[in-house]
Structures are given as structure tokens and as C-alpha cells.
Amino acid sequence: MRQVRYPGLRFQVLAAVRALADREYQERVWLDRSNVENLDECVHVLFDDTEVLSDPAAAVGEILRANEVEPLRQAGVVFDALITDLGDVRDEVYLADPRWPGVLAKAEAARAVMAANEAVLPVDLSD
């Protein structure tokens, strides 16, 4: 399988997708005000810096592989709708929203595909 052009960015995307898929991590890290990691970081990596949730097809070969486009697109649709509705509120509000499990599920599906692709690379980025 062909390597991506920007493996460092891919690593950041995979880390953000993992965080977005892991409720236990979110409650432990994002809700602890002493940590600098939070939901806003995921938004910046996945929407602003790389746009892999808003336009994943554009990142194929650069950051993503072709089979990752659809799961990331689906995650982007549900997550973007929540961001549009809730806006800039505390992480607790996002995690308490009844639509949050849908974001978790779509992010987990994307994480699984990305992790499976990483299993064939010489660098271990797997769980």
C-alpha cells in the first residue's frame, strides 16, 4: 500500500480521530480543566488544519487513503451538524448532547479503517 505524502499530519489526524471515538478518554482528559487537550483541538485538526472531515476526498494521497474517505465523510456530517447547532460551548455540552453517541460511532468507524491501514505500514501507529 502506498505511503501518504504527509505521514506527520496523518499521525495527528489519527490521534484526533481516536480521541473523538473514545468516550472514556473524553471524560478523563477533555473534562479535566487542568489538561490542555480538549474537543477544540480535534476540531482544529480535523476541520481547520487538514479538512479531513469537511472534504476527505481532497486529502487522499496526501494524508488519507481512498478507503478512509467515506467513513471520515460520515463522521464529518454528524459532527459538523452538532457544531453548527451548538457552536462554541464547553465540552460538557457536546458530551451531554443526545447526538454525541452518533459522533462517537462514526468516529470509531473511521478510526477502525485508518488503524487497519496503519497495520501494513513499517511505522506502528496502531492502538
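What is the volume of the second largest pocket? The second largest pocket holds about 210 Å³, a volume being the space filled by probe spheres set on grid points joined across faces, edges and corners. A pocket is an open set of points on a 1 Å grid over the protein atoms alone, where a 1.4 Å probe fits, with protein on both sides within 12 Å along at least five of seven lines; lining residues have an atom within 4 Å of a point.

The model is predicted: local features need pLDDT of at least 70, side-chain atom pairs count only at pLDDT 80 or more, and totals for chains, interfaces and linings use all residues. Residues are numbered from 1 along each chain as its sequence is written, and side-chain values use heavy atoms, without hydrogens and water.

**Pockets**

Q12, A15, A16, R18, A19, Y25, W30, E37, N38, E41, C42 and V45 line the second largest pocket. Its lining receives two or more residues from each of α1, α2 (23-30) and α3, helices being DSSP runs (H or I, at least four residues) numbered from the N terminus. The largest share, five residues, comes from α1.

The largest pocket encloses about 270 Å³. Among its 19 lining residues, L39, D40, D88, V89 and D91 lie nearest the centre. Here α3 gives the most, with five residues.

The table gives the lining by class, where Ala, Val, Leu, Ile, Met, Phe, Trp, Tyr, Cys and Pro count as nonpolar, Asp, Glu, Lys and Arg as charged, and the others, Gly among them, as polar.

| Pocket | Nonpolar | Polar | Charged |
|---|---|---|---|
| Largest pocket | seven residues | four residues | eight residues |
| Second largest pocket | seven residues | two residues | three residues |

**Helix packing**

Helix α1 (residues 7-21) and helix α3 (residues 39-49) have axes that come within 9 Å and cross at roughly 135°. Axes are lines fitted to C-alpha atoms, for helices over the stretch in contact, and angles run from 0 to 180 degrees between N-to-C directions. The two helices α1 and α3 are therefore oblique to each other; angles under 35 degrees count as roughly parallel, over 145 as roughly antiparallel, 65 to 115 as roughly perpendicular and the rest as oblique. In α1, Q12, V13, A16, V17, A19 and L20 meet L39, C42, V45 and L46 of α3, contact meaning heavy atoms within 4.5 Å. That contact comprises nine nonpolar, one polar and no charged residues.

Helix α4 (residues 69-86) packs with helix α6 (residues 100-118) at about 155°, their axes 8 Å apart. Hence α4 and α6 are roughly antiparallel to each other.
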